[in-house]
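I opened the model to look up a few backbone outliers, some helix packing and the ligand shell. My entries follow in the order I made them.

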Amino acid sequence: MEKNLRTLRTATFVMISLFCLGPHDAFGNQENASEQSIESVQKKPEIIIKITCGCKALQLKLCQQAAEEWEKITGNRVEIITLPNESNERLNLFLQLFRSKSRDVDIFLVDVTWPGVLANYLIDLRKHFKEKEISEFYEVIINNNTVRGRLVAIPWYVDIGIFYYRKDLLKKYGHKIPTTWDELEVVAADIQNKERQNGNSRMWGYVFQGKSYEGLTVNAMEWFFSVGGSVTGPNGESIIDVEPNRTMLERVHEWIGSIVPSGVLGYTEEEARGVFQSGNAVFMRNWPYALALLNAPDCHLAGKVEATSLPAGTGAGSGHVGTLGGWSLGVSKFSQHQREAVAFVRFLTSYKEQKRRAIEGGISPTRHALYKDEELLTKQPFFAKLSNMLGNIVLRPAVQFGHLYNQASAEIFNSVHSMLAGNRPIDSALKQLHERLSLLLKKVGKQSRECFDGQD
Ligand code: GLC
């Protein structure tokens, strides 16, 4: 176990310096430690709650502020452990910790697709939260976080894939917001070419998340469902090798190098935002967090960017969809301070704290009442639009693949990446992907029965 603890410490230290942009206090540092007075050391509260927080944009800062507030109220201490940006990398780290029964982290950030993967390692929060409290959160996420009747994480913030556009450029060249992929191709190409002629040689039409990681699975879901495709059928079987999916992948492949930079195959959310925020893309697919940053007073794009639903196909079953994302908070069953950890989760997911995060960081709440909160809607009017978009979500196949979801997603993103990069013909790659997903689906039922012990 000690070996694994060291692994976490080393990993966290490296990850903080590599991935996180903001300040951090994960394990303190020499300077701060030497500044601590003897008095403050003597008064050090006994209980230290260790929590993993995101490090994208304002996430870390907001988490630190909340931790300080909670420390003041309770006299407990909080240590924030920051993480790599990519969801699947986080999961690998967490699984390492859980498998070694590590007590090094009390509260875990849980991606919307992980409840089935992590259920055995997290306590049942239904034993600590009243039904009334639970009913204040979006039911779809509560259901998602409930595995075999156990509520393994409380929803903290919600994500949905949205379509960002430069309204100044649409106006300049006399275009409407594209609502279909066909329109997107025409408008993106036109503005890109005209902007290049006008001197911005680095301008591209569209950017999204094309790196081989969880974010590409997310994008692929949106492509498939927007044109009437799918990944799994009504009986939980793989139906990924269908015509709409194939045609859409061929279309996206064609975009690369024409209206989308080839670098997109290495983009996560932050690289896509970087290109868009530098003024070098007309349209972008991203999560809502980017809106507040793009419209911040010190951003040169402030007032020029808006967001709406992603474009749709035009054939049967097409529609405007966004993949559901978001993060919840779960308490480790190996935590030595479960009571305090639950109390901190309750504090972080409270109405007041979620409202503060929404106002100060544009982070989307998981409590339905907040989408009707007048003060919030006045300060962040986009949330009114977002609550309508939440009616058109697409779910990644987390329920179908259960504890094998991360393997299924890796199959999807690796395969889609090789298709988009032109490394493999789309036809045969999709067939092989279908076979691999089918094999995983066969394994799911058997192994989930073997793994589950249901104990807190
Ligand atoms: C965001 C979403 C999360 C998703 C990840 C993919 O963090 O909230 O659900 O898995 O992006 O990059």
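I started at arginine 148, which sits in the loop between strand S4 (146-147) and strand S5 (150-151). The model is predicted, so I kept to its computed geometry. Phi of arginine 148 is near 50 degrees, a positive value in a residue other than glycine. Most residues other than glycine have a negative phi. Is arginine 148 buried or exposed? I found 12 C-beta neighbours inside 10 Å, and a residue with 12 or fewer is exposed, so arginine 148 counts as exposed.

Next I went to lysine 101. Its phi is positive too, about 55 degrees, although lysine 101 is not a glycine. I placed lysine 101 in the loop between helix H5 (87-99) and strand S3 (107-111). Lysine 101 has 12 other C-beta atoms within 10 Å, so I noted it as exposed.

Then I turned to helix packing, beginning with H11 and helix H20 (residues 405-420). Their axes come within 8 Å and cross at roughly 80 degrees. That makes H11 roughly perpendicular to H20. Which residues make the contact? From H11 I listed Glu214, Leu216, Thr217 and Ala220. From H20 I listed Ser409, Ile412, Phe413, Val416 and His417. By class, I have five nonpolar, three polar and one charged residues in the contact of H11 with H20.

I checked helix H12 (residues 243-255) against H20 as well. Their axes are 9 Å apart, and the packing angle is about 55 degrees. H12 and H20 are therefore oblique to each other. H12 brings Leu249, Val252 and His253 to this contact, and H20 brings Val416, Met419 and Leu420. I sorted the residues of the contact of H12 with H20 into five nonpolar, one polar and no charged. Val416 is on my list for the contact with H11 and on my list for the contact with H12.

Last, I looked up the ligand. What surrounds it? I wrote down Ser87, Asp111, Val112, Asp159, Glu214, Gly215, Val218, Glu269, Trp287, Gly325, Gly326 and Trp327. The elements giving two or more residues to this shell are helix H11 (214-226) and strand S11 (322-331). I divided the shell into four nonpolar, four polar and four charged residues. Glu214 is one of the residues around the ligand, and Glu214 is also among the H11 residues in contact with H20.

Where does the ligand lie relative to the domains? Domain 1 (2-160 + 324-393) and domain 2 (162-323) both give residues to the shell, so I place the ligand between them.

Definitions and conventions: Residues are numbered from 1 along each chain as its sequence is written. This is a predicted model: local features need pLDDT of at least 70, side-chain atom pairs count only at pLDDT 80 or more; totals for chains, interfaces and linings use all residues. A residue is near a molecule or strand if its C-beta atom, placed from the backbone, lies within 6 Å of it. Helices (H or I, at least four residues) and strands (E, at least two) are DSSP runs, numbered from the N terminus. Ala, Val, Leu, Ile, Met, Phe, Trp, Tyr, Cys and Pro count as nonpolar, Asp, Glu, Lys and Arg as charged, and the others, Gly among them, as polar. Domain bounds come from an automatic or database domain assignment. Axes are lines fitted to C-alpha atoms, for helices over the stretch in contact, and angles run from 0 to 180 degrees between N-to-C directions. Angles under 35 degrees count as roughly parallel, over 145 as roughly antiparallel, 65 to 115 as roughly perpendicular and the rest as oblique. Two residues are in contact if their C-beta atoms, placed from the backbone, lie within 7 Å. A residue is buried if 20 or more other C-beta atoms lie within 10 Å of its own, exposed if 12 or fewer, and partly exposed in between; C-beta atoms are placed from the backbone.
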